[in-house]
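Work through the exercises below with the sequence and the model in view. Each task is followed by a solution in steps.

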Amino acid sequence: MKGEEIKKLRQEIATAEKDLENKKKILIEAEDACDHDWEKPVFKPKIIPAYDIPDRSRGSDYSGPLHVQEQEIPRWFQTCTKCGLTLMTEEYAESERETTRTPVFRKRH
Ligand SMILES: [Zn+2]
């Protein structure tokens with residue numbers, strides 16, 4: 001690639017990045033202005049597969065092996081039927097995971 005082409009490419013990327021920022025701003029404004037009509041929240045937990053930590057013991061320093069069980073982190077999604085915005089609940093602290101089965105959506109902005 002020639003020097004001129006590289007300069008042109010760099011310029012095009014800068015223009016595209018500016019355009020992207022602009023569009024994101026417009027999107028957020030439009031989402032904020034939407035009179036959201038939320039669908040029923042959907043429970044879709046995040047699954048962290050089980051895994052094994054190998055034995056890394058050294059001398060009298062015992063550390064493993066360890067089997068970590070599959071984890072299910074409660075997560076809810078809701079989507080606006082008008083603008084298509086999807087919100088996800090925050091992942092809960094470990095102590096709350098067993099009992100929390102109610103969606104709590106946070107504000108985005
Ligand atoms: Zn909406």
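## Exercise 1: The helix

Task: compare the expected span of α1 with the distance between its end C-alpha atoms.

Solution. The expected span of a helix is 1.5 Å times one less than its number of residues. Helix α1 has 31 residues, so at 1.5 Å a residue it should span 45 Å. Its end C-alpha atoms lie 45 Å apart, which agrees.

Before going on, note what kind of model this is. It is a predicted model, in which local features need pLDDT of at least 70 and side-chain atom pairs count only at pLDDT 80 or more, while totals for chains, interfaces and linings use all residues. Residues are numbered from 1 along each chain as its sequence is written.

## Exercise 2: Elements and confidence

Task: list the elements in order and find which has the highest mean pLDDT and which the lowest.

Solution. Helices (H or I, at least four residues) and strands (E, at least two) are DSSP runs, numbered from the N terminus. The protein has one helix and seven strands, and along the sequence they follow the pattern α-β-β-β-β-β-β-β.

Next comes pLDDT, the predictor's confidence in each residue, from 0 to 100. The mean for the protein is 86, and 84% of its residues reach 70 or more. Among the elements, helix α1 (residues 3-33) has the highest mean, 96, and strand β5 (residues 71-73) the lowest, 85.

## Exercise 3: The sheet

Task: determine the strand order of the open sheet of three strands.

Solution. Two strands pair if DSSP finds at least two bridges between them.

1. β1 and β6 are antiparallel and share two bridges; Val42 has Phe77 of β6 as its bridge partner.
2. Strand β6 (residues 76-79) also pairs with β7, again in the antiparallel sense, over three bridges. Thr79 has Thr86 of β7 as its partner, and Phe77 stands opposite Met88 in β7.
3. The order is therefore β1-β6-β7, with antiparallel pairing. The edge strands are β1 (42-43) and β7 (86-88), each pairing on one side only.
4. The hairpin of β6 and β7 has six residues between the strands, and Gly84 there takes a positive phi near 80°.

## Exercise 4: Buried or exposed

Task: classify α1, Ile47 and Trp38 by their surroundings.

Solution. A residue is buried if 20 or more other C-beta atoms lie within 10 Å of its own, exposed if 12 or fewer, and partly exposed in between; C-beta atoms are placed from the backbone.

1. In α1, the number of buried residues is zero out of 31, so the helix lies largely in the open.
2. Ile47 has 11 other C-beta atoms within 10 Å and is therefore exposed.
3. Trp38 has 14 C-beta neighbours inside 10 Å, so it counts as partly exposed.
4. Over the protein, buried residues make up 0% of the 109 residues.

## Exercise 5: Contacts across the sequence

Task: which residues do Ile47 and Trp38 touch, leaving aside those within four places in sequence?

Solution. Two residues are in contact if their C-beta atoms, placed from the backbone, lie within 7 Å.

1. Ile47, found in strand β2 (residues 46-48), touches Glu70 and Glu72. Ile47 and Glu72 are 25 residues apart in sequence but 4.8 Å apart in space, C-alpha to C-alpha.
2. Trp38, found in the loop between α1 and β1, is in contact with Gln78 and Cys80. Trp38 and Cys80 are 42 residues apart in sequence and 4.4 Å apart in space, C-alpha to C-alpha.
3. Among contacts between residues at least 6 apart in sequence, 51% join residues at least 24 apart.
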